[in-house]
Amino acid sequence: MTQDIQSLKAEITDEVKAACDLKSLDDVRVSVLGKKGRITALMKTLGKMTPEERQTKGRDLNILKDEIADLIKHQESALKKQEMDARLASETQDITLSPRPEYMGHIHPISQTIEELTTIFAAMGFSVAEGPDIEDDYHNFTALNFPPGHPAREMQDTFFLPETQDEEGEYAKKLLRTHTSSVQIRHMENNKPPHKIICFGRTYRSDYDLTHTPMFHQMEALMIDKETNMGHLKGCIMDFVRAFFEIDDLPVRFRPSFFPFVEPGAEIDIGCSREDGGLKIGAGDDWLEIGGSGMVHPNVLKNCGLDPNEYQGFAFGMGIERMAMLKYGIPDLRTFFESDLRWLRHYGFNPLERPNSATGVKS
Ligand code: FA5
C-alpha cells in the first residue's frame, strides 16, 4: 500500500472509531464511501492512470474500501449493542407492581363470546373448522340446495366481487360469504364422516340498522353420523344455550321454519320477558329468536359425496353479536364495530378475570 493510501486509511480509521453514535457513524460512511466520498473520488481517478499505475493503485484502493467497509460494520454492531445495553439499563420494569387498570387492554365482546362458545362446544367433543370469507357461488348457495332464482343470490343482499376467470376459463363472480353454512360444505368435501364441528367467522350482507350490520359474525355447528337425529339436535342446543346464558332451566323452543339446506328446519327461540321496555332472558312467557337449525337436507349430503341413506345429521347457526348483545346487555349492534375505546372499556372484558378455555365457563 502506498504512503498516501496508508495515511488516508489511518485518518478514516480514527474518524470511524471516534463516531460515538449511529448517526455520526453514518455521516463518516457517507463522507468516505458515498457517491461523493473520499474513496469513491479516488476510484474515479483510476481511469486517467496508465495501466501499470491503475493495476497497483486499483488493487490498493479496493483493499482500502473493503477494510473500511468492514471496520464501519464492526463499529455499527458495537454501537448498536452499546445503545441496547443503555436502554436495558434505563428502561427496567418492576414486575412486582400491581396491574394498573388504565393501562390494561380489554377483550372485545365478540372475541369473548367466541371463546365462551368454543369452551362449551369443546366440552361436547366438537372441533373447530374454518373456511374462507371470499366464497364462490357453489359453496355459498348451490351446494346448500339454494334454487337458481333464490332472493339471497340477488345483488341487494349479497356483496359480489368483480367477475374473474377460473382455471377452466369460466367467468364467475366470487362473493363475500353470506353465512358460515358454506363451511359445512367445505368440511364435508375434505373430510371423512363422522363430522362434529363448529365454525366461527365473519359473514357479510347488504344490511344496516340497529340490529343488522354489513359485516357480522356467525357460528355454525354440524354433526353428521349414521344415527344422529332431531333428538340430538334439540339436546345439543338446549345444553349449549343453557351453559352459555348460565341459566339451568332456560326455556328453549323449536319453531318450524324453512332453510333450503335443512329438512325439517326450525328457528331456535329462548324464553324471555319484555316488561317495562327491558328484556330479561329466562324469565316471563315471551320468546326471542336466536338462530336457525335443522336436519341436513339429503341433497346437501349428496352434493358432498355422502349417501343420505347411510348418513344423517343436524346443523345450526346463529349470530354471535346477537348472543353477545343478549348476554351482556349491549343495546346497539353497530357499536361493536365503531372502534370507540370508551365503549370497549365499558363492554370489554378484563383478560385476567373472564372465563376462557383454560378456566372453564363458570370460573
Ligand atoms: C342463516 O344464516 C343460516 N345459515 C343459519 C342456519 C344454519 C340454519 C344451519 C339452519 C342450519 P339467518 O339468515 O337467519 O340464517 O341468520 C342467522 C343469524 O345471523 C340471525 O339470527 C342473526 O342473529 C344473524 N344475522 C343475520 N343477518 C345479520 C346482520 N346483517 N347483522 C347482524 N347479524 C345478522
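This is a short dialogue on reading pockets, a buried residue and a helix pair in a predicted model.

Reader: Glad to be here! Let's start with the pockets. What volume does the largest pocket have?

Author: Happy to help. The largest pocket comes to about 930 Å³. The second largest pocket has a volume of about 210 Å³.

Reader: Which residues lie nearest the centre of the largest pocket?

Author: A good way in is to look at the lining and then at its middle. Here 41 residues line the largest pocket, and T178, R205, F216, Q218 and F259 lie nearest its centre.

Reader: And which elements give two or more residues to that lining?

Author: Two helices and four strands do: α7 and α10 (320-328), together with β6 (215-225), β8 (262-273), β10 (286-296) and β11 (312-319). Of the elements, β10 contributes the most to the largest pocket, with 6 residues.

Reader: How many of the lining residues are nonpolar, polar or charged?

Author: For the largest pocket the split is 16 nonpolar, 17 polar and 8 charged.

Reader: Let me stay with T178 for a moment. Where does T178 lie, and is T178 buried or exposed?

Author: Place the residue in the chain, then check its accessibility. T178 sits in the loop that runs between β4 (171-176) and α7 (181-190). Buried means under 20% relative accessible area, so T178, at 6%, counts as buried.

Reader: Which residues does T178 touch, leaving aside those up to four places away in sequence?

Author: T178 touches N140, F141, T158, T203, Y204, R205, F216 and Q218. R205, F216 and Q218 also appear among the residues nearest the centre of the largest pocket.

Reader: Now the second largest pocket. Which residues line it?

Author: Its lining is made of T211, L279, L288, R322, M325, L326, G329, I330 and P331. Helix α10 gives the most here, with 3 residues. By type, the lining divides into 6 nonpolar, 2 polar and 1 charged.

Reader: Last topic, helix packing. At what angle do α1 and α3 pack?

Author: Look at the angle and the distance between axes together. Helix α1 (residues 3-18) and helix α3 (residues 38-45) pack at about 155 degrees, and their axes are 12 Å apart. Angles over 145 degrees count as roughly antiparallel, and α1 and α3 are therefore roughly antiparallel to each other.

Reader: Which residues meet in that contact?

Author: From α1, L8, E11, I12 and E15 meet R38, I39 and L42 of α3. The residues of this contact divide into 4 nonpolar, no polar and 3 charged.

Technical notes: Residues are numbered from 1 along each chain as its sequence is written. This is a predicted model: local features need pLDDT of at least 70, side-chain atom pairs count only at pLDDT 80 or more; totals for chains, interfaces and linings use all residues. Side-chain values use heavy atoms; hydrogens and water are left out. Buried means under 20% relative accessible area, exposed over 50%, partly exposed in between (1.4 Å probe, protein chains only). Contact means heavy atoms within 4.5 Å. On a 1 Å grid over the protein atoms alone, a cavity is a set of points where a 1.4 Å probe fits but cannot get out, and a pocket is an open set with protein on both sides within 12 Å along at least five of seven lines; lining residues have an atom within 4 Å of a point. Grid points are joined across faces, edges and corners, and a volume is the space filled by probe spheres set on the points. Ala, Val, Leu, Ile, Met, Phe, Trp, Tyr, Cys and Pro count as nonpolar, Asp, Glu, Lys and Arg as charged, and the others, Gly among them, as polar. Axes are lines fitted to C-alpha atoms, for helices over the stretch in contact, and angles run from 0 to 180 degrees between N-to-C directions. Angles under 35 degrees count as roughly parallel, over 145 as roughly antiparallel, 65 to 115 as roughly perpendicular and the rest as oblique.
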